[in-house]
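Student: Hi! I'm new to this one, could you walk me through it?
Tutor: Gladly, have a look at it first.

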Amino acid sequence: MKRTFETARASGAADVAPADYLPRLSRTEFERVFRRRHPEFADLLYFDRDGADAALDRLAREHNEFETDAAGGRGRSYRLAQRATTARLTGIATLLEMVAGVADLRRLPPETSVLDVLGGDGLVSRALRVLAPELPRNPVLTSDVAGHMVAGALGWGLAAIRQAADFLFLREASFHGVLIAYGSHHVGGTDRAAMCAEAFRVLRPGGRIVLHDFEEGSPAARWFHEVVHRRAAAGHAYRHYTRGELYRLLREAGFTEITVTEIYDPIRMSGASRSEAVGALLRYLTAMYGLRSGTGEPATDRAELLDWLERNMRYDYRSVPGHAAHWCSTLTVSDTPDGAVAELPRLALVATGVRG
Ligand SMILES: C[S@@+](CC[C@H](N)C(=O)[O-])C[C@H]1O[C@@H](n2cnc3c(N)ncnc32)[C@H](O)[C@@H]1O
């Protein structure tokens with residue numbers, strides 16, 4: 001069978017054993033097809049940089065929980081959950097505006113290029129299609145360490161590359177923006193500095209980094225420690241970030257004009273009724289985080305999850321600069337013309353910096 005991005009995606013959905021670069025796709029085949037399909041990014045590829053062979057070996061050997069659902073993984077169920085492209089649209093829109101330096105994504109300059117370092121199967125890129133459907137081209141290059149994630153993104157027709165955050169197969173001064181979001185805590189302590197140094201290297205002078213995570217001790221970080229770590233097969237023993245660490249990482253990588261702020265980053269799911277909207281939110285969280293049954297009884301699991309969210313995901317925005325009246329303080333269910341929407345509030349911590 002001819003190997004294409006589509007067959008790679010189909011096989012990714014079936015959780016095949018990974019080939020050396022992508023599931024059923026070698027690095028050479030990937031590069032050939034990528035250059036043809038995504039010529040706007042083709043000249044940025046840099047697979048012959050010093051150290052690339054060792055980095056490719058590492059990719060072939062190491063596989064994280066986002067590949068498949070086998071052996072305690074949650075990759076396949078995570079990708080199924082991300083078919084709900086608009087669930088995290090509010091936060092994604094804010095992050096894209098920050099990284100591109102625009103107030104309205106529909107006015108994005110056509111030459112803009114953004115690297116989404118922890119891009120998964122391209123949720124941010126797909127969300128941009130919803131936010132600014134009339135853009136003549138999609139400026140996002142999706143990137144991820146997990147081969148099945150990258151195969152998924154390519155299967156959506158997106159430009160995507162498999163690489164680790166701390167060693168990018170991309171040339172110096174290539175991008176206007178680098179986004180590192182929704183998973184920065186998965187990058188280990190010692191790799192965080194290398195990740196920021198790589199972001200700095202591939203940014204053009206004047207380009208901006210946006211580094212997003214949840215603050216240690218915040219309700220969202222406690223969700224990971226108290227719920228995901230206990231109920232996901234792979235656990236979730238990752239350290240989140242502090243403001244000081246974010247600031248230091250960007251400063252030591254060479255960035256200037258550094259800011260550390262909070263953004264409203266809720267999860268919203270809709271349904272035909274209030275209870276269906278809440279059910280959709282709980283199913284989304286269960287699939288995305290690979291939560292296993294705590295009690296063996298689905299109704300009890302759902303009730304316990306809902307109870308935890310209602311008691312713990314609570315925010316007081318009075319000290320947050322720029323907070324808006326529409327931000328929910330607790331899990332809120334509201335009626336809409338089509339039914340109802342359930343909104344789970346989260347505050348995320350975001351650092352930005354400029355490559356001078
Ligand atoms: C929580 S997912 C987020 C995916 C996507 N941005 C989204 O919001 O749906 C985190 C992603 O980071 C990737 N990842 C984890 N560690 C990484 C690393 N060191 N380098 C590159 N990607 C990494 C994982 O494979 C996973 O796809």
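Tutor: We'll go through the domains, the sheet, a helix, the ligand shell and a few single residues.

Student: Anything I should know before we start?
Tutor: This is a predicted model, where local features need pLDDT of at least 70, side-chain atom pairs count only at pLDDT 80 or more, and totals for chains, interfaces and linings use all residues. Residues are numbered from 1 along each chain as its sequence is written.

Student: Cool. How is the protein divided into domains?
Tutor: There is domain 1 (5-261 + 350-354) and domain 2 (267-348), with bounds from an automatic or database domain assignment. Their centres, taken over C-alpha atoms, are 25 Å apart.

Student: And how many residues are in contact between them?
Tutor: 23 residues of domain 1 are in contact with 19 of domain 2; contact is when the C-beta atoms of two residues, placed from the backbone, lie within 7 Å. On the domain 1 side, α5 (75-81), β5 and α10 (219-231) each supply at least two residues. Helices (H or I, at least four residues) and strands (E, at least two) are DSSP runs, numbered from the N terminus.

Student: Which element gives the most to that side?
Tutor: α10, with seven residues. That side of domain 1 divides into 14 nonpolar, four polar and five charged residues. Here Ala, Val, Leu, Ile, Met, Phe, Trp, Tyr, Cys and Pro count as nonpolar, Asp, Glu, Lys and Arg as charged, and the others, Gly among them, as polar.

Student: Switching topic: what order do the seven strands of the open sheet come in?
Tutor: The order is β3-β2-β1-β4-β5-β10-β6, with mixed pairing; two strands pair if DSSP finds at least two bridges between them. β3 (160-162) and β6 (256-264) are at the edges with a single partner strand each, so one side of each is left without a neighbour in the sheet.

Student: Can you zoom in on one pair?
Tutor: Sure: β4 (residues 175-180) and β5 (residues 203-213) run parallel and are joined by five bridges. Phe175, for instance, has Leu203 in β5 as its bridge partner.

Student: Which residues of helix α9 are buried?
Tutor: In α9 (residues 189-202) they are Arg192, Met195, Cys196, Glu198, Ala199, Phe200 and Val202. Buried means 20 or more other C-beta atoms within 10 Å of a residue's own, exposed means 12 or fewer, and partly exposed is in between, with C-beta atoms placed from the backbone. The elements covering those α9 residues include β1 (114-116), β4, β5 and α11 (243-253).

Student: What about the ligand, how many residues surround it?
Tutor: 18, and the closest are Gly120, Val145, Ala165, Tyr182 and Gly183; a residue is near a molecule if its C-beta atom, placed from the backbone, lies within 6 Å of it. The shell divides into eleven nonpolar, six polar and one charged residue.

Student: Where is Tyr182 found?
Tutor: Tyr182 is in the loop between β4 and α9. Its phi is positive, about 55 degrees, although Tyr182 is not a glycine.

Student: Is Tyr182 buried or exposed?
Tutor: Buried, because 22 other C-beta atoms lie within 10 Å.

Student: And Glu257, buried or exposed?
Tutor: Glu257 is exposed, with 11 other C-beta atoms within 10 Å. Glu257 is in strand β6 and has a positive phi near 50 degrees.

Student: Last one: what does Glu262 touch?
Tutor: Leaving aside residues up to four places away in sequence, Glu262 touches Val320, Leu347, Ala348 and Leu349. Glu262 lies in strand β6 and is buried, with 20 other C-beta atoms within 10 Å.
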